[in-house]
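Me: I'd like to go through a few labels with you and see what each one rests on. Here's the model.

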Amino acid sequence: MRCVRASSLVKSSPSSGWRTSQLGWAWAHARPYRGRIAILAGLSLSEIALRMAAPFAMMVVVDHALGGKAPSGRLARVFAGVGLPATGRTLLVTFVVAGLAMQLAHQLVVMLHNRRSVVIGQSMIRDLRERLFAHVQAATLRHHVATPTGDAVNRLEADTRCVEHIVLRGMFSLVFSVLTLIAMLSVLVAIEPRIAVLALAIVPPLFGWLRFHGRRVGPRADRARRADSHLSSRLFETLASIRLIKSHAREDHELQRFSRAADDSARAWIGIGRAGAVFGVVNGWLTAIGSSAILLVGGMSVLDRGMTLGTLLLALTYVGYVYGPLSAIANTSNELLNSFAGARRVRAAFEVAPECTERPGAIDGCRLRGDVEVSSVAFAYKPGVPVLEDVSFRARPGQLVAIVGPSGAGKSTLAGLVVRFHDVQAGAIRIDGRPIQDYRVRALRRQIALVLQDSVIMSGSVRDNLRYGRPDATDAEIEAAARAAHAHDFIMEMPDGYDTVLEEVGGTLSGGQRQRLSIARAFLKDAPILILDEPTAVLDTLAESQVVDAIEHLSEKRTTLVIAHRLSTVRRADHILVMDRGRIVGSGTHEQLHATNVMYRQLAAQLSVPEARTMAR
Ligand code: ADP
């Protein structure tokens with residue numbers, strides 16, 4: 001059966017269906033911020049206007065206040081209008097103050113712009129992270145198993161910053177650099193067209209260089225992101241396997257592997273940094289050549305009395321204002337290459353298909369009786385490598401069905417199909433007569449409690465952990481569940497009882513205690529169907545007896561599928577399935593199978609050995 005792409009997450013993800021440029025993709029994420037970006041644009045325009053006006057004050061100071069040139073008619077009229085004499089000193093004071101006021105206002109606008117920009121940028125990153133997190137959670141278990149945690153974390157943490165870089169530091173900066181360039185250039189043309197033309201002479205080599213650099217750095221940026229992701233993966237894998245590493249004294253080996261990954265990352269970023277440094281210096285040379293040429297030509301003009309000193313200074317200031325955005329465009333384009341690499345990785349994460357999800361009109365909020373029927377089920381993780389073939393059985397409400405078989409027979413996979421961790425590829429699983437796809441996934445999972453061999457303890461208090469599967473459980477219900485799972489006594493011995501924060505004592509919980517917390521969680525869920533990947537398999541004798549007791553109590557009156565590792569559990573079962581290489585090779589009661597099935601007899605002998613040892617102790 002194919003997965004139905006029904007998740008709203010995928011629909012809302014701009015990556016699906018978007019085959020346009022990275023810019024288009026990033027802009028789609030920025031859409032909810034359009035209003036706030038417009039305000040930012042207003043601030044940027046005021047910034048340009050203030051920057052454009054300020055040099056004129058300097059020109060008046062140089063030419064009219066200091067140079068003795070008579071003020072223009074309009075300027076003289078303005079001074080006459082306010083009753084001030086247009087003398088050198090008055091002009092000097094007035095225009096120095098005016099220039100200062102414009103600079104102060106300019107700085108103020110820059111500050112407001114930066115403040116807004118950081119808020120918008122961080123909000124965009126936050127939203128993208130939230131959407132990606134939801135999407136990642138919705139991905140299939142198979143995808144999670146196959147994806148290194150470090151890679152997923154890297155995409156979520158570092159690569160999501162790309163959206164802010166592309167939209168605010170990229171697109172927004174580019175647009176305003178272009179606007180500034182046009183504004184400053186038009187003023188320069190009005191002041192001195194020859195100088196404007198000369199200033200523009202560096203544009204073709206600058207953009208030629210930009211293209212050349214882009215082609216070199218683009219692939220390097222992709223490599224650097226991959227190297228970072230690999231580095232994070234190494235870190236996560238090492239920390240997750242720290243017991244194994246320590247027990248085999250393989251710290252040096254892991255350090256070497258980590259160092260290699262760190263070297264790769266450092267090398268990739270050094271390559272980018274070096275290319276960036278060369279890029280910057282060539283930019284600087286081009287603008288220095290342009291400015292010097294202008295100073296030369298303008299200086300000759302001043303010497304020939306074709307231009308005043310004030311006009312030359314004004315023109316040079318505007319040349320700086322033209323080169324500023326030109327360099328900014330070049331630098332922004334360079335930085336965008338890096339952000340595009342991040343965007344590609346985020347988009348790829350959005351492309352991952354979600355878990356098989358609901359059929360339209362799937363049933364929600366039901367209470368099942370627990371009649372589980374598996375008919376001719378087949379399943380493969382990889383095409384052509386079947387893991388389950390033609391598996392059929394029925395567990396009626398309240399029955400205990402034990403599944404036994406050698407490792408790799410497909411027992412856990414079969415259990416996973418019942419909770420829809422994966423969807424069957426042939427045949428059907430029905431509960432209470434309906435295919436499980438008829439129920440909403442969440443509704444189905446609320447009706448099934450899972451207790452696995454290695455129980456997971458989440459961060460938070462004991463209470464939070466117990467109510468994880470039923471957030472509305474009362475304190476009294478939590479305590480009753482803990483008592484039923486033989487967990488109450490050891491919980492009360494903890495420093496803060498049910499309010500003890502487990503991260504603080506998590507390492508000190510024994511395997512048996514963790515399992516009993518997990519069983520208490522299942523009691524609290526009070527589901528009609530129970531799936532046990534027999535949780536006593538990894539416990540010692542003392543811990544086991546309490547857990548076994550709790551499990552027996554838990555499985556009363558519930559349909560229970562147990563992947564059995566203990567002969568006593570198998571004997572108790574109403575029905576036993578013997579699995580081998582993805583098929584059911586025997587089924588019946590203990591006595592029936594013992595009499596007829598060779599594999600069962602062998603398995604039963606193996607299962608009874610640890611128990612015999614346990615009893616002997
Ligand atoms: P059992 O629980 O009986 O030990 P499993 O159901 O865990 O068996 O595994 C059955 C087969 O499926 C094994 O060959 C195993 O390697 C393979 N398998 C299990 N999980 C995955 C997975 N996520 N991706 C690919 N193959 C898997």
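Reply: Let's start with the exposure words: buried means under 20% relative accessible area, exposed means over 50%, and partly exposed is anything in between. Keep in mind that this is a predicted model.

Me: Why is aspartate 390 called partly exposed?

Reply: Its relative accessible area is 48%. Buried would need under 20% and exposed over 50%, so aspartate 390 counts as partly exposed.

Me: What is the sign of phi at aspartate 390, and where is the residue found?

Reply: Phi is positive there, about 50°, although aspartate 390 is not a glycine. The residue is found in strand E2, residues 385–395.

Me: What makes histidine 486 buried, partly exposed or exposed?

Reply: Take the value, 31% relative accessible area, and put it against the limits of 20% and 50%. It falls in between, so histidine 486 is partly exposed. This one sits in the loop between helix H17 (475–484) and helix H18 (488–492), and its phi is positive too, about 55°, although it is not a glycine.

Me: How do you know that helix H14 is largely enclosed by the rest of the structure?

Reply: Seven of its eight residues (411–418) are buried, so the helix is largely enclosed. The buried ones are Lys411, Thr413, Leu414, Ala415, Gly416, Leu417 and Val418. After H14 comes arginine 420, with a positive phi near 60°.

Me: Which residues are around the ligand, and what share comes from H14?

Reply: You'll find Tyr381, Val387, Pro406, Ser407, Gly408, Ala409, Gly410, Lys411, Ser412 and Thr413 there. H14 supplies three residues, the largest share of that shell. By class, the shell has four nonpolar, five polar and one charged residues.

Me: What makes the pair between threonine 413 and the ligand a polar contact?

Reply: An N or O atom in the side chain of threonine 413 is 2.4 Å from an oxygen atom of the ligand. The cut-off for such a pair is 3.5 Å, so this one qualifies. As for cover, the protein takes up 62% of the 560 Å² of accessible area that the ligand has on its own.

Me: How do you know that lysine 411 and alanine 409 make polar contacts with the ligand as well?

Reply: For lysine 411, a backbone N or O atom lies 2.9 Å from a ligand oxygen. For alanine 409, a backbone N or O atom lies 3.1 Å from a ligand oxygen. Both distances are within 3.5 Å, so both pairs count as polar contacts.

Terms used. Residues numbered from 1 in each chain as written. Predicted model: local features only at pLDDT ≥ 70, side-chain atom pairs only at ≥ 80, totals over all residues. Heavy atoms only, no water. Buried < 20%, exposed > 50% of the residue type's maximum accessible area, 1.4 Å probe, protein only. Helix = DSSP H or I, 4+ residues; strand = E, 2+ residues; numbered from the N terminus. Near = heavy atom within 4 Å. Polar contact = N/O pair within 3.5 Å; in protein donor to acceptor, adjacent residues only side chain to side chain. Areas by Shrake-Rupley, 256 points an atom, 1.4 Å probe, with all protein chains shown as cover. Nonpolar A, V, L, I, M, F, W, Y, C, P; charged D, E, K, R; others polar.
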